[in-house]
Amino acid sequence: MLLYLARRTDLQSAEDILGETFVTALVRWGSFDPDRQEPLPWLFGIASNLLHRHWSARSS
């Protein structure tokens with residue numbers, strides 16, 4: 001996942017977003033339903049949303 005993020009932003013930002021991804025996942029773990037979804041796409045979804053938020057903040 002770090003490579004996915006690093007290809008889309010700088011390495012430091014990618015590391016920060018990755019850390020925030022796992023914090024967000026832990027906070028939202030109660031809403032994750034393993035019978036309905038796989039964990040890896042769920043984590044990539046969180047990371048993608050955080051990456052979009054990062055890009056928006058940088059362009060403002």
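I looked up the buried residues of α2 (buried meaning under 20% relative accessible area, exposed over 50%, partly exposed in between, with a 1.4 Å probe and protein chains only) and found Ser13, Ala14, Ile17, Leu18, Thr21, Thr24 and Ala25. Seen down the axis of α2, these buried residues fall within an arc of 140°, taken from the directions from the helix axis to the C-beta atoms, so they line one face of the helix. On the other side of α2, I noted Val23, Leu26 and Val27 as exposed.

The model is predicted, with local features needing pLDDT of at least 70 and side-chain atom pairs counting only at pLDDT 80 or more, while totals for chains, interfaces and linings use all residues. Residues are numbered from 1 along each chain as its sequence is written, and side-chain values use heavy atoms, with hydrogens and water left out.

Next I checked what the buried residues of α2 pack against, and found α1 (2–6) and α3 (39–59); contact here means heavy atoms within 4.5 Å, and helices are DSSP runs of H or I with at least four residues, numbered from the N terminus.

I then turned to the largest nonpolar core (buried Ala, Val, Leu, Ile, Met, Phe, Trp, Tyr and Cys residues joined through side-chain atoms within 4.5 Å), which has twelve residues, among them Leu5, Ile17, Phe32 and Trp42. The elements giving two or more residues to this core are α2 and α3, and α3 gives the most, with six residues.

Last, I looked up tryptophan 42, which, leaving aside neighbours within four places in sequence, is in contact with Ala25, Arg28, Trp29, Phe32 and Gln37.
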